[in-house]
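I opened this entry to look up how the helices and strands pack and where the aromatic rings sit. My notes follow in the order of looking.

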Amino acid sequence: MRALVLLLWAGTLLGQVNCQNVASSSEGSPVPDSTGEPVEEEDPFFKIPVNKLAAAISNFGYDLYRQRSSASPTANVLLSPLSMATALSALSLGAEQRTESIIHRALYYDLISNPDIHSTYKELLATVTAPQKNFKSASRVVFERKLRVKSSFVAALEKSYGTRPRIMTGNPRIDLQEINNWVQAQMKGKVARSTREMPSDISILLLGVAYFKGQWVTKFDSRKTSLQDFHLDEDRTVRVPMMSDPKAILRYGLDSDLNCKIAQLPLTGSMSIIFFLPVRATQNLTMIEESLTSEFIHDIDRELKTIQAVLTVPKLKLSYEGEVSKSLQEMKLQSLFETPDFSKITGKPVKLTQMEHRLGFEWNEDGAGTTPTSPLQVTRLTFPLDYHLNQPFIFVLRDTDTGALLFIGKILDPRGT
Ligand SMILES: *[C@@H]1O[C@H](CO)[C@@H](O)[C@H](O)[C@H]1NC(C)=O
């Protein structure tokens with residue numbers, strides 16, 4: 001892992017504050033293991049089983065995000081990887097050893113020494129979907145018509161994931177309606193009904209759905225919202241509604257390796273959004289994307305400094321509906337689509353055929369209050385800092401309690417996906 005060095009300012013004359021590598025020094029020097037090789041001591045945060053699991057599935061999420069982003073270099077990307085990790089983790093309950101270890105590797109479970117991953121998963125889901133988080137996530141396993149599913153699988157699924165598998169009727173209209181009704185019920189009507197035709201060749205369909213509407217800790221004044229320029233790239237500009245706060249309190253750092261300004265805004269319910277904004281307007285965010293891991297985001301969360309800035313943020317209301325099977329196939333999961341061993345589910349040979357993702361995501365001026373954090377914690381700068389999300393950026397919605405990645409987005413054009 002590369003060392004994280006965040007600066008407050010790239011300049012050398014004015015008010016440079018260099019938080020030189022505090023990340024690794026605060027952990028102490030690497031201690032040698034029994035072979036005499038120095039090993040990095042694990043951050044105590046990751047020693048808590050639920051945080052360790054959150055880090056693993058979030059790393060799956062960053063992998064999936066990179067797949068999606070490289071597949072659509074000129075379009076927005078919106079993902080809630082948690083719901084898909086949950087569906088895969090639930091499916092692994094029905095997999096025999098060879099197939100189970102393929103799923104476990106993709107979810108980075110092979111790096112966790114936890115004999116009871118599935119009950120830890122239950123704890124993680126309960127934490128991140130607690131009502132005060134404003135985050136909804138649901139996952140489902142759907143099987144081809146007439147499939148006889150073993151009751152031991154149904155029981156295990158229900159116990160840890162609180163979901164029952166669904167067997168299709170074979171009537172595409174009824175099956176689509178049933179799935180739509182389930183999504184409506186799980187998302188309290190916040191995610192639109194699908195009109196897409198049900199594929200006819202379903203064996204196993206995984207469904208991951210999520211919805212989030214952010215509540216900032218400090219709300220924006222809607223009288224300050226106005227149409228402003230958003231630079232799609234160096235040449236093209238569009239006008240979009242931008243919220244602004246001339247005296248925002250945010251956490252900030254400049255990553256000089258990534259040439260990127262990182263800011264974090266707190267949300268209610270112990271959540272935050274971390275923004276990655278390249279110094280120069282570009283649609284090529286590859287460098288930042290390559291560095292995204294749970295450990296890197298955790299380091300950023302520790303190292304950012306609280307400052308006051310002139311902030312502008314585009315209003316955002318995005319939705320997504322689509323298939324992500326192709327991305328999974330490119331992520332070490334190809335064999336699930338070929339000849340997997342799901343004999344703990346049924347005696348019949350079945351395989352994964354579809355993975356569907358449906359999402360709603362929104363932030364606007366809404367927030368809890370108008371009083372920012374105590375000015376005592378604010379690092380004084382000798383100049384005002386500007387933070388304008390008026391060009392392509394990446395955002396990460398993170399649960400502060402567990403570190404779990406809940407949503408990730410690449411916003412090339414805030415007008416929609
Ligand atoms: C994006 O940037 C990376 C390195 O920063 C470069 O290797 C890559 O070729 C660029 N991609 C495109 C499509 O320009």
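**Helix α2 and its neighbours**

I noted that α2 and α5 are roughly perpendicular to each other, because an angle of 65 to 115 degrees counts as such. This is a predicted model. The angle I looked up for α2 and helix α5 (residues 117-128) is about 90°, and their axes lie 9 Å apart. On the α2 side, the contact is made by Pro49, Val50, Leu53, Ala54 and Ile57. On the α5 side, I listed Ile117, Thr120, Tyr121, Glu123 and Leu124. By residue class, the contact of α2 with α5 holds 8 nonpolar, 1 polar and 1 charged.

I then took the pair of helix α2 (residues 49-71) and helix α9 (residues 294-303). Their axes come within 8 Å and cross at roughly 105°. That makes α2 roughly perpendicular to α9. From α2, the residues that meet α9 are Ala55, Ser58, Asn59 and Tyr62; from α9, they are Ser294, Glu295 and Ile297. I sorted the residues of this contact of α2 with α9 into 3 nonpolar, 3 polar and 1 charged.

I also checked how covered α9 is. In α9, 8 of the 10 residues are buried. I wrote these down as Ser294, Phe296, Ile297, His298, Asp299, Ile300, Asp301 and Glu303.

Back in α2, I picked out Asn51, which lies in that helix. Is Asn51 buried or exposed? Asn51 has 3% relative accessibility and so counts as buried, the cut-off being under 20%. Leaving aside residues up to four places away in sequence, I found Asn51 touching Phe45, Phe46, Asp401 and Thr402.

**The five-stranded sheet**

Next I traced an open sheet of 5 strands, in the order β7-β6-β8-β16-β15, with mixed pairing. Its edge strands, each paired on one side only, are β7 (166-167) and β15 (316-323).

Inside the sheet I looked up strand β8 (residues 204-213) and strand β16 (residues 352-363). They pair in the parallel sense, over 10 bridges. I noted one bridge of Lys213, whose partner in β16 is Glu362.

Helix α3 (residues 81-92) lies across β6 (135-143), β8 and β16. I recorded its angle to β6 as about 35°.

**Strand β13**

How many residues of β13 are buried? I counted 8 of the 8, so β13 is largely enclosed by the rest of the structure. Both of its faces are covered. One side carries Met271, Ile273, Phe275 and Leu277, and the other carries Ser272, Ile274, Phe276 and Pro278.

I followed the pairing of β13 in two directions. With strand β12 (residues 260-267), β13 pairs in the antiparallel sense over 8 bridges. Cys260 has Pro278 in β13 as its bridge partner. The hairpin of β12 and β13 has 3 residues between the strands, and in it Gly269 takes a positive phi near 80°.

With β19, β13 runs antiparallel and is joined by 6 bridges. Here I found Phe276 standing opposite Ile394 in β19.

**Aromatic pairs**

I found 14 aromatic pairs in the structure. The ring centres of Trp216 and Phe220 are 5.9 Å apart and the planes are at 75°, so I entered the pair as edge-to-face. Trp216 is buried, at a relative accessible area of 1%, and Phe220 counts as buried at 7% relative accessibility.

The pair of Phe275 and Phe393 is edge-to-face too, with 5.9 Å centre to centre and 70° between the planes. Which parts does this pair tie together? Phe275 lies in strand β13 (residues 271-278) and Phe393 in strand β19 (residues 393-399), so the pair links parts that are 118 residues apart in sequence. I checked the accessibility of both: Phe275 counts as buried at 1% relative accessibility, and Phe393 is buried with a relative accessible area of 0%.

Last, I traced the cluster that ring pairs build. Its members are Phe135, Phe212, Trp216, Phe220, Phe275, Phe361, Trp363, Phe393, Phe395 and Phe407.

Terms used:
Residues are numbered from 1 along each chain as its sequence is written. This is a predicted model: local features need pLDDT of at least 70, side-chain atom pairs count only at pLDDT 80 or more; totals for chains, interfaces and linings use all residues. Side-chain values use heavy atoms; hydrogens and water are left out. Axes are lines fitted to C-alpha atoms, for helices over the stretch in contact, and angles run from 0 to 180 degrees between N-to-C directions. Helices (H or I, at least four residues) and strands (E, at least two) are DSSP runs, numbered from the N terminus. Angles under 35 degrees count as roughly parallel, over 145 as roughly antiparallel, 65 to 115 as roughly perpendicular and the rest as oblique. Contact means heavy atoms within 4.5 Å. Ala, Val, Leu, Ile, Met, Phe, Trp, Tyr, Cys and Pro count as nonpolar, Asp, Glu, Lys and Arg as charged, and the others, Gly among them, as polar. Two strands pair if DSSP finds at least two bridges between them. Rings of Phe, Tyr and Trp (its six-membered ring) pair if their centres lie within 6.5 Å; planes under 30 degrees apart count as stacked, over 60 as edge-to-face and the rest as tilted. Buried means under 20% relative accessible area, exposed over 50%, partly exposed in between (1.4 Å probe, protein chains only).
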